[in-house]
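Work through the exercises below with the structure open beside you. Try each task before reading its solution.

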Amino acid sequence: MTVTNGAGTITLSGPQDINTTSTPTFGGMTINGTLTVNGSLAVSASTGIYPPGHLWATTLSYSNATTIGIAIGSARSDDATWSSGMDLSLTSAWTKTTGAWSAGTAGGALDSGAVAASTWYYVFLIGKPSTNETDVLLSTSATAPTMPTVLWTKKRRVGTIRTDGAGSIRNFVQRGDYFEYVVLASDCDLPGTAGTCGIGGATIDTATSPPLMPTVSIPPSTIGRFIFRANNTNTSTSIRFTAYPVDHTPVAYNCGWYDQAFNNAKTVDCTLDVMVSSLSKIAVRADQGLSAFLIIPVGWFDTRDRL
């Protein structure tokens, strides 16, 4: 049997002994018997060992306004079939900046353009099969980042980060699939900044009007955790409101305060988890107009494309 040092396919139908003075490579190998390795056996990147959807660690962290950290970890690329995928891994902790992409830790990670204000950036592990390299990339696209060169063909999203109004990374912490802001800021403040709440008026909708649908600082199509604060200075009514996904039928009021004596101004704080739409919107409805209403995003749950 002749083994050439190049791409090819070899089928072993029984015990075989391969002797070569150089390192043979194969595009594929089928073993219908026993393979004995006297030395080392390297598994090519085009095969790998991780199952589809695999993701371990790669925890993201905030370093400063322009830099994130990526912990040791591994993932399987998001190819449609396992056989065309690649194992991606970081064997040491990395940092990456919001500068233009450059290879290696401490380099830039942005796939194109300049970092933008108030924008979601998706964090990817990317792979170069020809050299079995893994690196990190930032993109405004959750599914189709612009790769550094044609040789970088594999990718897997491992998280999402947000910039503030100045284009700086918002401080956050990650615990497993949960990401949380370190410094909280409101997305909707009535009557203070009514324009941020998706309506033109200064009060929240009532039970007979369309729901409030603000855009919130939570990644699209994830589950967001929010603090809602409602206030009513009307001493003759109670406070009741609910938050729910925009494509769902309104649920029963799940936050409220009932003052049986009707003689006190009321404030209600409520924490709820709500599925966010593909446009980062949620729906909020109250049973009557409120004098003030606040929505504060706390964090979000993101399975990061795990199967």
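**Exercise 1: A salt bridge and its surroundings**

Asp-78 has a relative accessible area of 38%, so this residue is classed as partly exposed. The model is a predicted one.

Task: Find which residue Asp-78 pairs with in a salt bridge, and state where the two partners lie.

Solution.
Step 1. The partner is Lys-155, and the closest N and O atoms of the pair are 2.7 Å apart. A salt bridge requires a side-chain nitrogen of Lys or Arg within 4 Å of a carboxyl oxygen of Asp or Glu.
Step 2. Asp-78 sits in the loop between β6 (73-76) and β7 (87-90), and Lys-155 belongs to strand β12, so the bridge ties together parts that are 77 residues apart in sequence.
Step 3. Lys-155 has a relative accessible area of 17% and is buried, because buried means under 20%.

**Exercise 2: Two further pairs**

Task: Give the N to O distance for the salt bridge of Lys-128 and Glu-133, and decide for each residue whether it is buried or partly exposed.

Solution.
Step 1. The side chains of Lys-128 and Glu-133 meet at 3.4 Å, N to O.
Step 2. Lys-128 has 14% relative accessible area, so Lys-128 is buried.
Step 3. Glu-133 has 33% relative accessibility and therefore counts as partly exposed.

Task: Which residue forms a salt bridge with Arg-306, and how many residues apart are the two along the chain?

Solution.
Step 1. Arg-306 pairs with Asp-177, with 3.0 Å between the closest N and O atoms.
Step 2. The pair links distant parts of the chain, 129 residues apart: Arg-306 is in the segment after β21, while Asp-177 is in the loop between β13 (172-175) and β14 (178-181).
Step 3. Arg-306 is partly exposed at 31% relative accessible area, and Asp-177 is partly exposed at 24%.

Task: State how many salt bridges the structure holds, and name the residues linked in a network of them.

Solution.
Step 1. The structure holds 11 salt bridges.
Step 2. Arg-157, Asp-302 and Asp-305 are linked in a network of salt bridges.
Step 3. In general, side chains of opposite charge can pair when their charged atoms come close.

**Exercise 3: The cavity**

Task: Describe the largest cavity by its volume, its lining residues and their character.

Solution.
Step 1. A search of the whole structure finds 1 cavity of 30 Å³ or more, and the largest cavity has a volume of about 30 Å³.
Step 2. Its lining consists of Thr-160, Ile-161, Arg-162, Arg-170, Phe-172, Tyr-181 and Trp-300.
Step 3. Strand β12 (residues 154-162) supplies the largest share of this lining, 3 residues.
Step 4. By character, the lining residues are 4 nonpolar, 1 polar and 2 charged.

**Exercise 4: Surface and interior**

Task: Which residues make the nonpolar surface patch of about 230 Å²?

Solution.
Step 1. The patch is made by Ile-223, Met-275 and Phe-301.
Step 2. Phe-301 lies in strand β21 (residues 292-301).
Step 3. With a relative accessible area of 30%, Phe-301 is partly exposed.

Task: Decide whether Ala-286 is buried or exposed, and give the distance between its C-alpha atom and that of Cys-255.

Solution.
Step 1. Ala-286 is located in strand β20 (residues 283-286).
Step 2. The relative accessibility of Ala-286 is 0%, so this residue counts as buried.
Step 3. Ala-286 and Cys-255 are 31 residues apart along the chain, and their C-alpha atoms are separated by 9.5 Å.

Methods
Residues are numbered from 1 along each chain as its sequence is written. This is a predicted model: local features need pLDDT of at least 70, side-chain atom pairs count only at pLDDT 80 or more; totals for chains, interfaces and linings use all residues. Side-chain values use heavy atoms; hydrogens and water are left out. On a 1 Å grid over the protein atoms alone, a cavity is a set of points where a 1.4 Å probe fits but cannot get out, and a pocket is an open set with protein on both sides within 12 Å along at least five of seven lines; lining residues have an atom within 4 Å of a point. Grid points are joined across faces, edges and corners, and a volume is the space filled by probe spheres set on the points. Helices (H or I, at least four residues) and strands (E, at least two) are DSSP runs, numbered from the N terminus. Ala, Val, Leu, Ile, Met, Phe, Trp, Tyr, Cys and Pro count as nonpolar, Asp, Glu, Lys and Arg as charged, and the others, Gly among them, as polar. Patches are made of residues with over 30% relative accessible area and no salt bridge: like charges are joined within 9 Å, nonpolar side chains (Val, Leu, Ile, Met, Phe, Trp, Tyr) within 5 Å. Accessible areas come from the Shrake-Rupley method with a 1.4 Å probe; for residues, only the protein chains shown count as cover. Buried means under 20% relative accessible area, exposed over 50%, partly exposed in between (1.4 Å probe, protein chains only).
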